[in-house]
Amino acid sequence: MKKTSSFPRFTTFGAAILGAGALALSGCASSAPAEPAASGSAPVAQASPAAGTCGSLPTDAANDPNGLLADFPQEIAAGYDLYPYEVRKSAWADYKSKKTEGFTAAIVGMPPASPFIASMSESIRKALKAEGVEVVGEFAPDDPSNVPLQLQQFNEALSLKPDVIIYTAIAPEPSVDLAKAAHDAGIPLVAAQVPIDSEYAVSVTRNTPLAIAQVTAGTVGAIGGKGNVLRVDGIPGIPVSTFATLGIDAVLENCPDIKVAGSVTGFFQPATAQAEVQKFLATNPAGVDAVLQAGTMGVGIRNAFEESGMEVPPIADDGSSHGFSSWALANPDYPYFGTTTPSVRTGEAVVDVALRILKGEGPKINQIVEPSVIVNRENLAAIADPSWDVSDLTDLAGAPDDYLPTERLNEFFANPGK
């Protein structure tokens, strides 16, 4: 008798941020930038498909018209492949607070509608407290889709005149003007996880298009670059979904023998994705050879095939969970490609960046970007735990040192440790 799966209800935008989660590559089936060893496992080299062939990883140049990445180590610069926002000199490069202690911060975030956001937000609070930073205001809209309220709350935070604002934007586009307003007020803005396309904000984020391209390349490589695939999209029109589409399309451009058999919208919610995939399978009983998704919906997609009595095909699992990774661990013949989502370390890194700006360390550029840790058969056993329930939606965090460790973060500042 089949077990019916159930999921907590996530509001759409909150769950979407899950897809904007974590971070450089350990033996993916496609070529990729170097990464720190995931959870203590050494990266294992594998043969990579030839450039321009199906399963190879695109290496489109970063959006760096002024050549700012040339001053960075190659492994950092390579992590900006496919990243769509322009790399600019930070407007805070020469800034230093008049204070040396007693810093204050305002937090403008999102309601904890997903495990990642809840964990990252708590990590930001704890890190600020540990550093003796007083939080003079903390704001979040009542619903993750309430953009007008969040913009209003940002202005409230600005009126408190904190030393720094930490901001997780629902909508990055209107936030560009907010970043300029904060700069005009002399208040540094650190964008947590959701990047802002402005030199007036310092964004701390991962390279979502590259991560999606990496797991997509591995997944299509696992089926030999031929076959029918199902695409499961996130929320149409929002940046995370747009970034995911960019990554998938960049890989499929080199895959003439991959046919998209259908597309459904999962809204970054595993339960919704499961229902929509089951509807697709009901009218497509032959199934598909693989599934390419916008992120975080792996468990729901997997369950859809199981509930339909079909073998689970390779699923590109960006923003992986305890449930899918432990299931993959228990099925050693299953081709698995996922990414970690280090929510705690993300919060710590955001606070670290904020304090570095205040202390005058001088951010070199506006976008502090990390490639994602790819989880595959080479490192899965070192990251996943076989005791985890296969329906557990908890984010697969990985090791803290995998995401912007101190030595790597130093590279983004002109005067680290000043």
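Two strands count as paired if DSSP finds at least two bridges between them. Helices (H or I, at least four residues) and strands (E, at least two) are DSSP runs, numbered from the N terminus.

This is a predicted model, in which local features need pLDDT of at least 70 and side-chain atom pairs count only at pLDDT 80 or more, while totals for chains, interfaces and linings use all residues. Residues are numbered from 1 along each chain as its sequence is written, and side-chain values use heavy atoms, with hydrogens and water left out.

**View A. A three-stranded open sheet.** Here the strands run in the order 9-10-12, with mixed pairing. Strand 9 (316-317) and strand 12 (374-375) sit at the edges, each pairing on one side only. Zoom in on strand 9 and you'll find it matched with strand 10 (residues 337-339) in the parallel sense, over two bridges. D317 stands opposite G338 of strand 10.

**View B. Helix 10 and what surrounds it.** Seven of the nine residues of helix 10 (residues 322-330) are buried (under 20% relative accessible area, 1.4 Å probe, protein chains only), so the rest of the structure largely encloses this helix. The buried set is H322, G323, F324, S325, S326, W327 and A328. These residues pack against helix 9 (298-307), strand 9 and helix 12 (380-383).

**View C. W388 and its contacts.** W388 is in the loop between helix 12 and helix 13 (406-410). Leaving out neighbours within four places in sequence, W388 is in contact (heavy atoms within 4.5 Å) with H322, S325, S326, I383 and L396. The C-alpha atoms of W388 and S321 are 9.8 Å apart, though 67 residues separate the two along the chain.

Conventions:
Buried means under 20% relative accessible area, exposed over 50%, partly exposed in between (1.4 Å probe, protein chains only).
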